[in-house]
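Reader: Could you walk me through the charged side chains of this protein, please? I am new to this kind of picture.

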Amino acid sequence: EFEKLQHDNLTELQLEEELSRRGSDYTLLRYYHNSHKVLEQEVVDCLESRGIETKLVKRYQYNDDVVKWADLIITTGGDGTFLMGSSKILNRNKPIVGINTDPTRSEGHLCLPKHYSFNIAEAIDTILSGRFRWFFRRRLRVTLIGSSEKIGQTPIELNDQQLQYPEYRYMDLMTEASAVGDHPFKEPKETSSTEESSRVLPVLALNEIYIGESLSSRVSYLGLQIDKDPVFKSRNSGLCISTGTGSTSWTFNINKLTHRAVESLLKITFETTRFPLNWKDPKLVEAVTEKFNNQLVFDPEAEFMCYTIRDPISVGTFPTPQESKPRGLARRIAVKSKCFD
């Protein structure tokens, strides 16, 4: 469906030729698309056969009016669909249920167990009969502070941006050279008389929030305050802030240690201290790796968030003990961006 929206001027045959030219397997894409639609329709039929009014919407049709209308949100897809669905639910008393429509290829950690993907009627009856327990997950709220003209702009969905501005990415390749060192497309700096206002974004993040340049090769300049600690400045590849739910996702993969890295650290420890440890012992390497990585994961209901500064740039060649921690826990994080975006 996304490809159809992106190429709405092409016929089905032309779309097949375009996707095949790009190296995609059109037949396989169509097969998985149809499988998803069949399961999606089965969910609708099961609900309606039990006297429940439904409204089936596509991703780009999912808006605040749909959320307000519904008593229960059911997403059919995977974890990505569930995350998108939950982001627009501002009322914590409105439940959301995810059904994995591709259980053979996707884990769907946020969705119902795979068993229910093959037994939709059982899943619906279980929900309607109340034979389940509630699972609560903390989410992240973002408040923008700045001039009302800037922070009042309508948020842009990345999918929508890609659809509307297919060549937007090339804008980032334009020169950044100028007399004062600012990007030539950057708006003029605000004067001290500019009145600041605040705005709470109309979405909540279930997994994580990323703050940084959209062009990954450009350095992000951020000023950060963690809880009530002093403000510090950082040059990095962006800031990732996650909930307990998101601690198993992007944040985990940024911070995790591999067995190879742990083995190297144990070897260095042995060579430096001559402490009698067998750094080649696979069981020791496995135990240390597992313990470190498990500490990165925390409860989805925990009342704090984890921040990670990606690829922090040190003043010298190597980091020093005096530098601010690149990772930690917090209840409140204030960020002042000096990024182009």
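Author: Here are some questions and answers about charges and burial.

This is a predicted model, where local features need pLDDT of at least 70 and side-chain atom pairs count only at pLDDT 80 or more, while totals for chains, interfaces and linings use all residues. Residues are numbered from 1 along each chain as its sequence is written, and side-chain values use heavy atoms, with hydrogens and water left out.

Reader: How many salt bridges are there?

Author: Good place to start! Side chains of opposite charge can pair when their charged atoms come close. A salt bridge here is a side-chain nitrogen of Lys or Arg within 4 Å of a carboxyl oxygen of Asp or Glu. By this rule, the count is nine.

Reader: Which residue forms a salt bridge with Glu12?

Author: The closest N and O atoms of this pair are 2.2 Å apart. It links distant parts of the chain, 18 residues apart, with Glu12 in helix H2 (residues 12-21) and its partner in helix H3. Helices are DSSP runs (H or I, at least four residues) and strands likewise (E, at least two), numbered from the N terminus. The partner of Glu12 is Arg30.

Reader: Is Asp102 buried or exposed?

Author: Asp102 meets Arg105 in a salt bridge (2.7 Å, N to O). Buried means under 20% relative accessible area, exposed over 50%, and partly exposed in between (1.4 Å probe, protein chains only). Arg105 has 52%, so Arg105 is exposed. Asp102 has a relative accessible area of 17%, so Asp102 is buried.

Reader: Which residues are in contact with Thr101, leaving aside its neighbours within four places in sequence?

Author: Thr101 is found in the loop between strand S2 (96-100) and helix H6 (120-128). Its relative accessible area is 10%, so Thr101 is buried. Taking contact as heavy atoms within 4.5 Å, the residues are His36, Leu39, Thr76 and Gly77.

Reader: Which residues form a negative surface patch?

Author: Patches are made of residues with over 30% relative accessible area and no salt bridge, with like charges joined within 9 Å and nonpolar side chains (Val, Leu, Ile, Met, Phe, Trp, Tyr) within 5 Å. One member, Glu42, is found in helix H3 (residues 26-49), and Glu42 is partly exposed because its relative accessible area is 34%. The negative patch is formed by Glu42, Asp45, Glu48 and Glu53.

Methods. Areas by Shrake-Rupley, 256 points an atom, 1.4 Å probe, with all protein chains shown as cover. Lys, Arg positive; Asp, Glu negative; His and termini not counted. Charge placed at Lys NZ, Arg CZ, Asp CG, Glu CD.
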